[in-house]
Amino acid sequence: MAGVPASLAGSFKGSFAYFTIKDRLPQILTRVIDTLHRHKNEFFEEHGEKGIEAEKNTISILSKLRNELQTDKPLVPLDDKLPDVPLWNQYLEYQQNLLDGNEQPSWFQSPWLYVECYMYRRIHEALVHNPPIDDYDVFKEAKVQSFFESQQAIIALCTYLQELLKNIEDLDEKQLQEEFFKLLQVSLWGNKCDLSISAGEDNSQKASPVKSLDNLKTSILVDDMESIWSLLINSKKRRTSKEVTRVDIVLDNAGYELITDLVLADFLLSSKLVSEIHFHGKCIPWYVSDTTKQDFNWTIKQLLSANNRWMSRCGINWEGSIKKGVLVYHDHMFWTLPHEFCSMAQVATDLYTELQKSHLIIFKGDLNYRKLTGDRKWEFTVPFHQALNKFHPAPLCSLRTLKSDVQVGLKPGQGEQFVNSEPDWMICGKYGVVQFDASL
Ligand SMILES: O=P(O)(O)OC[C@H]1O[C@](O)(CO)[C@@H](O)[C@@H]1O
Ligand SMILES: [Mn+2]
């Protein structure tokens, strides 16, 4: 693509991409194999010998996949019957055409974003080929565990929200803004809790989420909260009673992070800053902890049946909002393709058109940031708008903790200062951005 820097890739020895492909991805595959192995009895109880057979086959396909990855074999076309297969295979051809005739796209040579997404899609293919365990979510167990490990933080957050809602009608504009900033930051830091950076190890929220915000403030490297607030409060003031203000949240991880997103959504609706929230999740298990429809429904159910009254109150409210149609859950196969978001208008026109209806799109997490910026070797000071490369369906912002080495929109010298003092600042999840683009 003209005018944009090179993609991050495993071919850059010593880069985070290189270490991810060399160490972390095989580790994730090993965990998947182990999970299947440990659930053998369950498959037998549910499906008899056919279940065992399917488990064995899936494990053998996944071991082969791990070997292909570790020996940098060429990427092969997908061959299951799911509707995204033509797009994946066209993308492989596209990557092929970028190379000179003798080379083939492969795990360490092709763009990191592509090969990492490809691995998760191949895991899914292995299962799809093996009914009756074809709809088994190999990451479910880790997601459930991380939800329960964050119980205390979830209770603290649900309690905070319910207290806040008691007198939300009486808050003046300044107080409303303060609460908005708090819950936006809670949702930002909720993104620390993904399970792919830790290769599935426990990474759950333990500390009290609202209390720790002050200490974290200096770790926000780009803070566009004021611009986001102006957009919301102005549209609230302008809105007539029949008009809709819509915010879309492109979700990232299930577990604690999803709760922070639901809390933010509830606040936006209850304060009447917005009248509709649209969530966007993944169609298939993705990057270990990403939210699927199943995870979303499971989470609401957990809240409904929780022993804690504030948790169950949240569950009741959120189920009510879903029934009323003011909280809408969508999924679209584009989110589990390898494409940068700047290709969305061509590759998934329907989704782009849907997002154009939004007043503000909030993209959660690191992977979404990589896709927004094309996962390229941008200079730190390149404006966010430029890195978006014409992706502007509506005003948008990213809430992301840094877990990979792409970052744009910094002040001159800001990035360089970290390079010297904290070499792992871009991958450790300690820093975050609230980065806004007004679009057009
Ligand atoms: O859940 P998130 O925030 O998108 O993070 C996903 C993780 O996976 C990665 O893509 C690396 O494997 C990182 O970019 C990030 O650490
Ligand atoms: Mn994720």
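Before I begin, one definition: when I say that a residue is near a molecule, I mean that one of its heavy atoms lies within 4 Å of that molecule. Please also keep in mind that what we are looking at is a predicted model.

With that cut-off in hand, let us start at ligand 1, which has 17 residues around it, and of these Glu116, Asp366, Leu367, Arg370 and Lys403 come nearest. Some of the contacts here are polar, and one of them is made by Arg370, where a side-chain N or O atom is 2.5 Å from an oxygen atom of the ligand. Asp252 places a polar side-chain atom 2.8 Å from an oxygen atom of ligand 1, and for Asn253 the distance between a side-chain N or O atom and an oxygen atom of ligand 1 is 3.0 Å.

Two of those names come back when we turn to the metal. Which protein residues are the donors of the manganese ion, ligand 2? They are Asp252 and Asp290, each through OD, together with Asn253 through OD1, and they lie 2.1 to 2.3 Å from the ion. If you follow the chain, the spacing of these donor residues reads D-N-x36-D. Asp252 sits in the loop between strand 2 and helix 11, while Asp290 sits in the loop between strand 3 and helix 12, which covers 293-304, and therefore the pair ties together parts that are 38 residues apart in sequence. Are these two aspartates, Asp252 and Asp290, buried or exposed? Both of them are buried.

Those loops lead us to the sheet itself. As a general reminder, the strands of a sheet pair through backbone hydrogen bonds, and they can do so in a parallel or an antiparallel way. In this model seven strands make an open sheet with mixed pairing, and their order across it is 1-7-6-5-2-3-4. Strand 1, residues 220-223, and strand 4, residues 327-331, are at the edges, and because each has a single partner strand, one side of each is left without a neighbour in the sheet. From one strand to the next, the twist averages 15 degrees.

Within the sheet, strand 2 (residues 246-250) and strand 5 (residues 360-364) are paired in the parallel sense over four bridges, and there Val247 stands opposite Leu360 of strand 5. Helix 8, residues 173-190, packs on the sheet and touches strand 1, strand 5, strand 6 (396-401) and strand 7 (432-437), with its direction at about 55 degrees to that of strand 6. Helix 11, residues 256-270, packs on the sheet as well, where it touches strands 2, 3, 4 and 5, and its direction makes about 160 degrees with that of strand 3 (276-281).

Let me finish with some details of the backbone. Val288 is not a glycine, and yet it has a positive phi of about 65 degrees; it lies in the loop between strand 3 and helix 12, and because its relative accessibility is 4%, it counts as buried. Lys390, again not a glycine, has a positive phi of about 75 degrees, and its place is in the loop between helix 17 (384-387) and strand 6. With 70% relative accessibility, however, Lys390 counts as exposed.

Finally, Pro131 and Pro132 are joined by a cis peptide bond, with omega at about 10 degrees, and Pro132 is found in the loop between helix 5 (112-128) and helix 6 (140-149).

Definitions and conventions: Residues numbered from 1 in each chain as written. Chains lettered and ligands numbered in written order. Predicted model: local features only at pLDDT ≥ 70, side-chain atom pairs only at ≥ 80, totals over all residues. Heavy atoms only, no water. Pairing = 2+ DSSP bridges. Helix = DSSP H or I, 4+ residues; strand = E, 2+ residues; numbered from the N terminus. Axes fitted to C-alpha atoms, helices over the stretch in contact; angles between N-to-C directions. Contact = heavy atoms within 4.5 Å. Donors = N, O, S within 2.8 Å, 3.2 Å for Na, K, Ca; no water. Buried < 20%, exposed > 50% of the residue type's maximum accessible area, 1.4 Å probe, protein only. Polar contact = N/O pair within 3.5 Å; in protein donor to acceptor, adjacent residues only side chain to side chain.
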